[in-house]
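Reader: I'd love a close look at one strand and at who sits beside it. Could you walk me through it, then add anything about the loops that a modeller should look at?

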Amino acid sequence: MILAKVTGHVEATQKSDELRGCNLLLVTAIGDDQELIKDRTYVAVDSVGAGRGDFVLVEEYFALHKERYKAMSIVAIVEKVHKDC
Amino acid sequence: MILAKVTGHVEATQKSDELRGCNLLLVTAIGDDQELIKDRTYVAVDSVGAGRGDFVLVEEYFALHKERYKAMSIVAIVEKVHKDC
Amino acid sequence: MILAKVTGHVEATQKSDELRGCNLLLVTAIGDDQELIKDRTYVAVDSVGAGRGDFVLVEEYFALHKERYKAMSIVAIVEKVHKDC
Amino acid sequence: MILAKVTGHVEATQKSDELRGCNLLLVTAIGDDQELIKDRTYVAVDSVGAGRGDFVLVEEYFALHKERYKAMSIVAIVEKVHKDC
Amino acid sequence: MILAKVTGHVEATQKSDELRGCNLLLVTAIGDDQELIKDRTYVAVDSVGAGRGDFVLVEEYFALHKERYKAMSIVAIVEKVHKDC
């Protein structure tokens, strides 16, 4: 999983069945100094109620859960990152 | 998922069974400034009726759905991207 | 999927069961100007009868199809690439 | 799998069901000279009791095990790396 | 799959169940000129009896085979690479 920041959202009415009813958020990967990394912006399905400006955990790759396909998803809202070094 | 633009299409008559009947579109990843990123062009199966010049969401990796393999796919046509920052 | 060119092949007698009987081709990713990209050469299983110099579609990642594992594969021979821009 | 070092941990109360009860560690990929690689920090679920400063093996991609989805995980604690060249 | 060279091995006693009894080898990706690529060293499970200095095929991503998860693996020992160009 990667650390990312919610930086926007996407409007799309014509979409595949798997994405119906999904909230599509723009997430930008953050680097070691918490800065947004250029050209590392993705679109992820929100499953935890994340919103604008939140730091989140994003599962970069697809998941297959209980015979159902799941797109790239936000899987947690990050409250604090503790760095040891 | 990544944001991309439909930049062409591919003709291929000799193909694997999974791709029979599929519309194979060229999609190029777009960067933070909406510009096309060099050498980030892929071929994706269209499942939502996307066409030339459309902005789309592409699932970068394979999907296994209901015991059937699905190649890299266009999963939505993007109408608007809202950026918060 | 990526666009690539068949640039060689690989001999390997000692291999895993999944690869028995498979034709292992060297494929090199091609860039926006159709040039070979340095250090983006992979080995893919051929499933469509591709040969030396062919332009092909390569599924970059593994596929699980009908309970059987499939390695990185050539999934189509490309006849023509149409670019809109 | 990649070699990485545990460089911190993450607090997140709002998370997807798959991550409930999981220990979320920051892991940073290490290069050929054992140095931490900039901007290659991920969040991985610990399944082997890894702690601060440990060298670990991280499975970069998701795993589907016994019909249950598993996020990026630490799969081993490395005691020694033997290099031949 | 990528072409790589076995460049060492890893000792790890504390590991996940999937890795028990597995031989964990260091493999370094090789470039178009057969040179080792910096910072592209991975750890792969050996399933074909590969040893120090062997050129091998490595399946970069996970495999799910017969309901059992398999980590990044060495899937063949390469005897000869034939390049056409």
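Author: Happily; let's start at a meeting of two chains, where D:His9 in β1(D) has A:His82 standing opposite. This is a predicted model, in which local features need pLDDT of at least 70 and side-chain atom pairs count only at pLDDT 80 or more, while totals for chains, interfaces and linings use all residues. Residues are numbered from 1 along each chain as its sequence is written, chains are lettered from A and ligands numbered from 1 in the order in which they are written, and side-chain values use heavy atoms, with hydrogens and water left out.

The strand to follow is β1 of chain D, residues 2–11. Strands here are DSSP runs of E with at least two residues, numbered from the N terminus (helices would be H or I runs of at least four). Two strands count as paired if DSSP finds at least two bridges between them.

Across the chain boundary, β1(D) is joined by four bridges to β8 of chain A (residues 80–83), and the two run antiparallel. Within chain D, β1(D) also pairs with β4 (residues 55–59), again in the antiparallel sense and over four bridges. In that pairing, D:Leu3 has D:Leu57 of β4(D) as its bridge partner. Another antiparallel partner is β2 of chain D (residues 24–30), joined to β1(D) by five bridges; there D:Ala4 stands opposite D:Ala29.

How much of this strand is covered? Seven of the ten residues in β1(D) are buried, where buried means under 20% relative accessible area, exposed over 50% and partly exposed in between (1.4 Å probe, protein chains only). As general background, side chains in a regular strand alternate between the two faces of the sheet.

Now for the loops. In chain B, Ser16 lies between β1 (2–11) and β2 (24–30). B:Ser16 counts as buried because its relative accessibility is 8%. Leaving aside neighbours within four places in sequence, B:Ser16 is in contact (heavy atoms within 4.5 Å) with C:Ser47, C:Val48 and C:Val75.

The backbone angles deserve a look too. C:Gln34 has a positive phi of about 70° although it is not a glycine. Most residues other than glycine have a negative phi. C:Gln34 is found in the loop between β2 (24–30) and β3 (36–46) of chain C and counts as partly exposed because its relative accessibility is 37%. Turning to chain E, E:Gln34 has a positive phi of about 70° as well. E:Gln34 lies in the loop between β2 (24–30) and β3 (36–46) of chain E, and is partly exposed with a relative accessible area of 36%.
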